[in-house]
Amino acid sequence: MRVLLFGATGMVGQGVLRECLLDPEVESVVALSRSPTGQRHLKLQELLHQDFLDFSPIEDQLSGFDACFFCLGVSSAGMSEQDYQRVIYGFTLAAARVLAQLNPDMTFIYVSGTGTDSTERGRSMWARVKGKTENELLRLPFHAAYMFRPGLIVPLHGIQSKTRLYRVFYVLLAPLLPLLARFPKYVTTTEQIGLAMLKVSKQGWPKRVLETADINAVGRLHLV
Ligand SMILES: NC(=O)c1ccc[n+]([C@@H]2O[C@H](COP(=O)([O-])OP(=O)(O)OC[C@H]3O[C@@H](n4cnc5c(N)ncnc54)[C@H](OP(=O)(O)O)[C@@H]3O)[C@@H](O)[C@H]2O)c1
């Protein structure tokens, strides 16, 4: 299995990368990002690119993949709708349209978030933009596309969020992890997301949109 990974330098993407590198069925992972992951592994290849609205300069390197795990994203805090939409909708669809054309057998998995608004009409700006992004992805001619909507994500195996505030939050949360394991409807982990992506892309899944409970149900819940 050949995997293309977006957001490999982020918290979710690092978790997904870890599980991909550990999975014997994954033959190679190409991490497409604007900055290096800082990791070295025989299965890992980095593809550095700066303009995520235009993939034409690297199009010749974007075919032959079985799965794409799209973990690139930003927080909407302090962003205008236009700027947020440019990254969330613009970057994702620019990549997905090219990939669907070049990889008709690809399974595409997108990380959105709990509360995403499929109607695209609600009051929450981020939820509307993610809803629009999901809806458009589900219309593309991939072999299959799945939307992952995690709630609270606990980073495992030394993975850290890039946002300082979140890092402090996770340090404070650490003693509560055994308790949080009792709430698989709301809480998942970076490991669980990675495992679930791999399983769904290999075996398929009856639902196209997976909430936190579904992500945890795909594999086993493993919080600590
Ligand atoms: N963290 C959570 O608890 C949580 C919960 C639910 C949903 N999610 C969703 O999961 C996704 C990933 O979240 P995360 O926590 O992993 O975020 P993160 O740690 O901030 O990582 C974001 C990733 O996106 C990349 N990225 C951001 N802006 C970019 C740009 N302008 N151009 C190119 N790459 C860019 C970053 O690359 P650089 O390293 O180059 O900046 C990084 O790889 C987001 O869509 C988020 O909404 C997260």
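**Exercise 1. The bend in a helix**

At which residue does α2 bend, and by about how many degrees?

*Solution.* The structure is a predicted model, and the helix in question, α2, covers residues 81–102. As a starting step, take the span: α2 has 22 residues and reaches 30 Å from its first C-alpha to its last, which is close to the 32 Å expected at 1.5 Å a residue. The next step is to look along α2 until G90, where the helix bends by about 30 degrees.

**Exercise 2. The order of the strands**

Work out the order of the strands in the open sheet, and say which strands stand at its edges.

*Solution.* The sheet is open and has 7 strands, which follow one another in the order β3-β2-β1-β4-β5-β6-β9 with parallel pairing. At the edges stand β3 (44–48) and β9 (209–211), each of which pairs on one side only. If direction is ignored, neighbouring strands of this sheet are turned against each other by 20 degrees on average.

**Exercise 3. Walking across the sheet**

Follow the sheet from β2 to β6, giving for each pair of neighbours the number of bridges and one pair of residues that stand opposite each other.

*Solution.* Take one pair of strands at a time.

- Between β1 (residues 2–6) and β2, which run parallel, there are 5 bridges, and L5 stands opposite A31 in β2.
- Between β1 and β4, which also run parallel, there are 4 bridges, and here F6 is found opposite F70 in β4.
- Between β4 and β5 the pairing is again parallel, over 4 bridges, with F69 standing opposite I109 in β5.
- Between β5 and β6, a parallel pair, there are 5 bridges, and the partner of I109 in β6 is Y146.

The last two steps share a residue, since I109 of β5 stands opposite F69 and has Y146 as its bridge partner in β6.

**Exercise 4. The two faces of a strand**

Sort the residues of β4 and of β6 by the way they point, and decide whether they are buried or exposed.

*Solution.* In β4, A67 and F69 point one way while C68 and F70 point the other way, and all of these are buried. In β6 (residues 144–149), A144, Y146 and F148 point one way, whereas A145, M147 and R149 point the other way, and again all are buried. Strand β6 is therefore mostly covered, with 6 of its 6 residues buried, where buried stands for a relative accessible area under 20%.

**Exercise 5. A helix against the sheet**

Which strands does α2 touch, and what angle does its direction make with that of β5?

*Solution.* Helix α2 packs on the sheet, where it touches β1, β4 (67–70) and β5 (107–111). The direction of α2 makes about 175 degrees with that of β5.

**Exercise 6. Salt bridges around K202**

Find the partners of K202, and explain why these pairs join parts that are far apart in the sequence.

*Solution.* The structure holds 10 salt bridges, and K202 takes part in one with D23, at 2.5 Å from N to O. This pair links distant parts of the chain, for D23 is in the loop between α1 (11–22) and β2 (28–33), while K202 is in helix α6 (residues 190–203), 179 residues apart. The side chain of K202 also meets that of E25 in a salt bridge, at 3.6 Å from N to O. Because E25 lies in the loop between α1 and β2 and K202 in helix α6, the pair ties together parts that are 177 residues apart in sequence. To finish, compare the surroundings: D23, at a relative accessible area of 10%, is buried, whereas K202, at 33%, counts as partly exposed.

**Exercise 7. Another bridge, and a network**

Describe the salt bridge between D214 and K207, and name the residues of a network of salt bridges.

*Solution.* The closest N and O atoms of D214 and K207 are 2.8 Å apart. D214 is buried, with a relative accessible area of 14%, but K207 counts as partly exposed at 42%. The network links R18, E19 and E191.

**Exercise 8. Placing A213**

Where is A213, and which residues does it touch, leaving aside those up to four places away in sequence?

*Solution.* A213 has its place in helix α7 (residues 212–218) and is partly exposed at 34% relative accessibility. With residues up to four places away left out, A213 touches P184 and K185. As for S80, which is 133 residues apart from A213 along the chain, the C-alpha atoms of the two are separated by 31 Å.

Note on methods: Residues numbered from 1 in each chain as written. Predicted model: local features only at pLDDT ≥ 70, side-chain atom pairs only at ≥ 80, totals over all residues. Heavy atoms only, no water. Expected span 1.5 Å × (residues − 1). Bend = angle between axes of the 7 residues up to and from the residue. Salt bridge = Lys/Arg side-chain N within 4 Å of Asp/Glu carboxyl O. Buried < 20%, exposed > 50% of the residue type's maximum accessible area, 1.4 Å probe, protein only. Pairing = 2+ DSSP bridges. Axes fitted to C-alpha atoms, helices over the stretch in contact; angles between N-to-C directions. Contact = heavy atoms within 4.5 Å.
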